[in-house]
Amino acid sequence: MTTSTVLPPPLPRQDPYARPRHQRPGNLAARIAGWSARHRTIAIVGWLLFVVVATAFSAVFGTVQAADGSYGHGESGRASELIASAGFPDRAGEMVLIHSDDLLAESPTFTKAVTATVSAVEGTGRVENVRADAISADRHSALVTFDLSGPADTAVDRVDAVRDAVAVVQREFPDLLVAQTGDASLDQSLNEILAGDMHRLSLLSIPVTLGILIVAFGALLAAVLPMGLALTAFLASLGLLAAASRLVPTVNTTMHLMLLMGLAVGVDYCLFYLRREREERARGADPERALAIAAATSGRAVLISALTVIIATSGMFLTRDTVFASLATGTILVVAIAALGSLTVLPAVLSKIGDRIDLGRVPGLYRRKADGRGWARFLDLVLRRPGLSAILATVALVALAAPALGMRTAEEDITTLQASAPALDTFVKVGAAFPGGGDPAVLAVRADDVTTPALTAAIGRFRSEALATGALHEPVTVEINPDRTLAVVSAGLSGTGIDTVSEQAVRALREDVIPRTVNGVDGAEALLTGQAAASVDYNDAMGRSAPLVFGFVLGLAFLLLLVSFRSLVVALTAIVLNLLSVAAAYGLLVLVFQHGWGERVLDFESAGAVTNWVPLFLFVILFGLSMDYHVFVLSRIREGYDRGWPNKLAVSRGIRGTAGTITSAALVMVAVFGLFTTGSLVSMKELGFGLAVAVLIDATIVRAVLLPSVMVLLRERNWYLPGWLAWLPALSHGEAHDDVDRVRQPVEV
């Protein structure tokens with residue numbers, strides 16, 4: 001009998017979503033996509049209306065910003081709350097620095113300049129509480145301080161008139177420096193700098209991302225579609241953020257982060273979908289069947305990935321920190337909306353345009369299905385010696401992570417802002433002439449009556465002893481609230497405000513000087529606040545809450561993976577691998593920013609510490625994004641394993657089948673995150689750098705070397721599930737491929 005190869009008869013063309021209910025796609029993502037494909041007009045129009053309405057809400061009602069007094073922790077936080085509620089006038093403080101390298105403060109010209117400055121600011125009719133008695137230790141600088149009349153939250157609108165008056169004095173005394181800074185001046189400058197950063201990053205990130213997508217897809221329409229989804233998701237999330245800010249007030253960096261995350265995950269989710277749909281078309285499936293398979297496989301991966309990111313991000317609420325709560329809210333909103341768009345409007349659009357998704361093909365770049373030869377050769381090399389590959393990858397990650405053991409965190413210092421503004425430059429000069437004067441230490445003394453002779457004497461002793469220790473410096477001021485229940489003592493603090501000198505000064509004041517001089521006198525309670533004290537308290541608070549956040553994120557991610565893949569080993573290895581990539585990113589962050597290895601390249605000046613909120617936030621976001629790729633790869637591996645492939649074949653084909661998508665998605669993320677290293681805030685540089693290097697490590701060392709090596713070494717143990725967990729639901733990892741395989745494969749007879 002002879003053997004010949006014949007093709008089976010063609011299968012009838014049918015809409016996979018038109019089958020009886022019990023035969024429809026077996027997971028939630030596929031059911032949502034099926035509904036969208038059947039009601040695509042409703043899905044598309046509904047999405048556009050949702051974006052328009054949400055954006056309009058943001059424009060009309062605005063976003064509620066977090067109040068200045070809501071950021072604190074511990075003793076400094078309680079002190080700030082006491083000061084905010086003590087009945088002091090709500091005023092923005094300003095100061096004018098008069099400086100000369102040649103003249104001393106006692107010289108006639110210098111004295112005239114100080115007098116002229118006082119007259120000029122008082123002449124505007126917009127200031128109060130003017131003082132001009134602060135002289136620097138070297139006698140070359142004087143400080144005129146005052147408050148702007150009216151509420152502090154609108155002081156930015158009134159500061160220009162005073163600054164113009166100070167500019168007139170500067171012209172009268174060209175040989176001296178006469179320059180203004182302060183709360184309103186700095187707020188105005190910071191708002192302008194951050195708005196410029198946001199505008200520039202928006203303009204840069206869109207063409208960079210679009211260029212990568214054009215290379216990835218080789219077709220213009222296929223590249224534009226992910227950008228459209230990501231940008232509309234970002235706009236809609238801004239509208240919802242405006243509504244959410246009524247409950248969780250937002251901070252300035254939230255919108256920067258939302259743009260970053262919106263582009264990253266929005267494009268990634270589309271890439272997962274589009275790549276799989278095009279792959280199935282290349283295998284011979286009709287458009288409807290290809291979309292059904294993409295929905296049931298990549299759509300499901302998108303759903304699990306989004307849930308993982310949201311779960312991880314929600315852990316930040318456990319810190320009870322204003323910044324983390326705002327960043328968590330913004331991230332959750334933009335990720336949830338990007339996932340919603342990927343599961344609803346994307347299938348609707350794809351079902352409408354079909355193969356026209358490949359319109360605008362770019363010669364030399366277009367391929368419906370990538371052959372993956374480069375990844376295949378590399379993976380063959382890795383899997384030839386999986387034990388050695390796993391050891392080398394682990395050693396590399398541990399070596400990168402080692403510097404993280406010496407990580408030091410501190411409040412972000414405004415003087416490290418990489419942007420030029422007159423108010424900012426003057427603030428730096430004030431700090432040099434009057435150590436700690438720009439952002440002083442503040443002692444809040446509460447009692448039934450802070451003006452009693454005993455308590456007045458105690459405050460005097462605190463002042464003299466603190467100055468004698470060198471922890472505090474002149475100028476020292478004392479303010480009493482209207483009902484005489486709170487005294488506020490302000491003085492310059494040693495150090496930069498974020499260095500170890502400042503931290504030691506804070507601890508010396510709290511542990512020695514304050515208890516010995518003020519606490520307990522006439523029942524008084526004395527609480528220290530200010531930048532350095534807030535930094536110390538913040539670090540202590542994060543030290544207490546970080547284990548809760550880590551435990552919450554790791555525990556829920558483990559449970560989600562366990563339920564999704566019905567494997568104890570897969571869930572555990574995923575947690576370990578992701579922790580390794582996060583630790584490696586931490587190590588590089590310390591080298592570049594704390595030790596200053598990247599100062600010239602990234603254009604910043606190291607403060608000898610990492611911004612205190614960045615490490616915990618990086619852990620949460622990186623863990624979520626790492627799981628994004630991990631779930632996508634594991635879903636493809638499990639899909640093959642469920643079809644009866646041996647473990648090594650399922651791993652090999654799963655990695656190769658997703659390598660092109662992971663590479664493209666990683667390039668988009670690295671590019672977008674990398675752009676944030678060009679911003680003015682050092683914290684945003686740290687965030688962008690940390691995210692970019694972590695994604696790069698995750699997409700190369702972890703996904704291409706460590707994951708396949710470990711899964712091949714573990715063999716069938718990868719899919720171990722204890723008998724007592726057999727009750728876990730068996731979730732579908734994709735549509736049945738039998739029909740597609742019959743179209744594609746010849747039959748031996």
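**Entry 1: H630.** I looked up H630 in this predicted model and asked whether the residue is buried or exposed. H630 has a relative accessibility of 0%, so I recorded it as buried, the cut-off being under 20%. I then located H630 in helix 20, which covers residues 614-642. Leaving aside residues up to four places away in sequence, I listed A574, L577, R703 and L707 as the residues that H630 touches.

**Entry 2: helix 9 and helix 17.** I noted that two packed helices are described by the angle between their axes and the distance between the axes. For helix 9 (residues 287-314) and helix 17 (residues 531-565), I found an angle of about 160 degrees and axes 8 Å apart. Angles over 145 degrees count as roughly antiparallel, and therefore I entered helix 9 and helix 17 as roughly antiparallel to each other. I also recorded their crossing as right-handed.

Which residues of the two helices meet? From helix 9, I wrote down R300, I304, L307, T308, I311, A312 and S314. On the side of helix 17, I found F552, V553, L556, L560 and S564. Sorted by class, this contact of helix 9 with helix 17 has eight nonpolar, three polar and one charged residues.

**Entry 3: helix 3.** I turned to helix 3 (residues 74-84) and noted E75, S76, G77, A79 and L82 as buried. I next asked what covers these buried residues of helix 3. The cover includes strand 7 (441-446), strand 9 (486-493) and strand 10 (525-529). I also listed helix 16 (500-517) and helix 17 as part of that cover. Helix 17 thus appears in two of my entries, here beside helix 3 and above in its packing with helix 9.

Note on methods: Residues are numbered from 1 along each chain as its sequence is written. This is a predicted model: local features need pLDDT of at least 70, side-chain atom pairs count only at pLDDT 80 or more; totals for chains, interfaces and linings use all residues. Side-chain values use heavy atoms; hydrogens and water are left out. Helices (H or I, at least four residues) and strands (E, at least two) are DSSP runs, numbered from the N terminus. Buried means under 20% relative accessible area, exposed over 50%, partly exposed in between (1.4 Å probe, protein chains only). Contact means heavy atoms within 4.5 Å. Axes are lines fitted to C-alpha atoms, for helices over the stretch in contact, and angles run from 0 to 180 degrees between N-to-C directions. Angles under 35 degrees count as roughly parallel, over 145 as roughly antiparallel, 65 to 115 as roughly perpendicular and the rest as oblique. A crossing is left-handed if the near helix is turned anticlockwise from the far one by less than a right angle, and right-handed if clockwise. Ala, Val, Leu, Ile, Met, Phe, Trp, Tyr, Cys and Pro count as nonpolar, Asp, Glu, Lys and Arg as charged, and the others, Gly among them, as polar.
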